[in-house]
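Subject: Structure for you to look through

Dear colleague,

I am passing on the structure we talked about, and I would be glad if you could open it beside this message. My notes on what was found come after it.

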Amino acid sequence: MGSLETERKTTGWAARDPSGFLSPYTYSLRDTGPEDVFIKVLFCGICHTDIHQAKNDLGMSNYPMVPGHEVVGEVLEIGSDVTKFAAGEIVGVGCLVGCCRSCRPCNTDREQYCPKKIWSYNDVYTDGNPTQGGFAGSMVVDQKFVVKIPDGMAPEQVAPLLCAGITVYSPLNHFGLTESGLRGGVLGLGGVGHMGVKIAKAMGHHVTVISSSDKKKVEALEHLGADEYLVSSDADGMLKAAESLDYIIDTVPVFHPLEPYLSLLTLDGKLILTGVINTPLQFLTPLLMLGRKEITGSFIGSMKETEEMLAFCKEKDLTSMIEVVKMDYVNTALERLEKNDVRYRFVVDVAGSKIDP
């Protein structure tokens, strides 16, 4: 289909300043270009990064800003050169909507590391207009950054997979940590952490959840299927678990010491950082040197990996544990998320909400 002749507008909920408070905001969308997909947003997950961006925690926020990068929607229109998608299909959009397509990461299906990547929101698109996210009625997205949601998967439960799910799947895939029988740790049991447990267990790993208290122990062991639960302040428990883990997915998005967790890694073990933290972290080098351990990071995943992750979750019948809310509850949801008061991901029912002013 070609472009619509009339100007296209949509309404989203935007932050206007570092308070991070969201309210209705109407803005224009570009017409559907040859490579574009016009999407009606159905659901959008809420990620901790949305708080960082809305409140300018990283010092690079631009306003007005419509957050949301775990988007599931219905295709309404496709550009003339789009071949992968058709009107009526359910699709997903994650953290990125653009890249340079010519650098080494782009040429090796790792476009999430492109130095010129374009974020789903709080960025500027190639046409010079700001990008806006999924807390809105609709989006226009280049087909490269759209994925088809496998048939039979509930769209509201898929939404968190587009950030939380791929954030765990990508490093396990990249670092060769997919074989059965590995012993893994998941530090922090939030939106990313709970998917870490589910995905690692589906890969056949022995999974230990590491938390600062025992308040999530029953949920971790009985509801998510973790094998063990370790409280980081339990000195005896931490000592007994020393050098027992092949890897730890560190999902904690606030400052925390690394030394206690490095001690849990075995020879050549990896501490994989996935939380966005805006203060420096510290560690003692002998903890790395004496076990040839690694501290590394991983950022979401490529579009190819996202498709693989969705297929994996469909095959293993993996879903995210969510609390569905309406758009007018989004500010309360953000406040609760800051307090870690959600099990385990908020998802906004955008299509079922009144979002107009």
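The notes below go through the nonpolar cores, a hairpin, the aromatic pairs and two charges over rings.

Please keep in mind throughout that this is a predicted model. I would begin with the largest nonpolar core, which has 95 residues, and in which I46, F135, I199 and V330 touch the most other members. Strand β3, residues 36-45, gives the most to this core, contributing seven residues. As general background, nonpolar side chains in soluble globular proteins tend to be buried together. If you select I199 and leave aside its neighbours within four places in sequence, you will find that I199 is in contact with G165, V168, Y169, L172, F312 and L318. There is also a second, separate core, made of 15 residues, and M238, A241, I248 and L262 are among them.

Next, please look at the start of the chain, where strand β1 (residues 8-15) and strand β2 (residues 22-29) run antiparallel and are joined by eight bridges. A15, for instance, has L22 in β2 as its bridge partner. The two strands β1 and β2 form a hairpin with six residues between them, and G20, which is in the turn, has a positive phi of about 80 degrees.

A search of the whole structure for aromatic pairs finds three, and I describe two of these here. In the pair of Y25 and Y27, the ring centres are 5.3 Å apart and the planes are at 20 degrees, which is under the 30 degrees required, so the pair counts as stacked. Their surroundings can be described separately: Y25 is partly exposed, because its relative accessible area of 22% falls between the limits of 20% and 50%, whereas Y27 is buried because its value of 8% is under 20%.

The other pair, Y169 and F312, is tilted, with 6.0 Å from centre to centre and 50 degrees between the planes. This pair links distant parts of the chain, since Y169 belongs to helix α4 (residues 164-174) and F312 to helix α10 (residues 303-316), and the two residues are 143 residues apart. Y169 is buried, with a relative accessible area of 9%, and F312 is buried as well, with 13%. You may recall that Y169 and F312 are also contacts of I199.

Finally, there are two places where a charged residue lies over the face of a ring: R8 over F38, at 3.6 Å from the ring centre, and K144 over F145, at 5.9 Å from the ring centre.

With best wishes

Technical notes. Residues are numbered from 1 along each chain as its sequence is written. This is a predicted model: local features need pLDDT of at least 70, side-chain atom pairs count only at pLDDT 80 or more; totals for chains, interfaces and linings use all residues. Side-chain values use heavy atoms; hydrogens and water are left out. A nonpolar core is a set of buried Ala, Val, Leu, Ile, Met, Phe, Trp, Tyr and Cys residues joined through side-chain atoms within 4.5 Å. Buried means under 20% relative accessible area, exposed over 50%, partly exposed in between (1.4 Å probe, protein chains only). Helices (H or I, at least four residues) and strands (E, at least two) are DSSP runs, numbered from the N terminus. Contact means heavy atoms within 4.5 Å. Two strands pair if DSSP finds at least two bridges between them. Rings of Phe, Tyr and Trp (its six-membered ring) pair if their centres lie within 6.5 Å; planes under 30 degrees apart count as stacked, over 60 as edge-to-face and the rest as tilted. A charge sits over a ring if NZ of Lys or CZ of Arg is within 6 Å of the ring centre and within 35 degrees of the ring normal.
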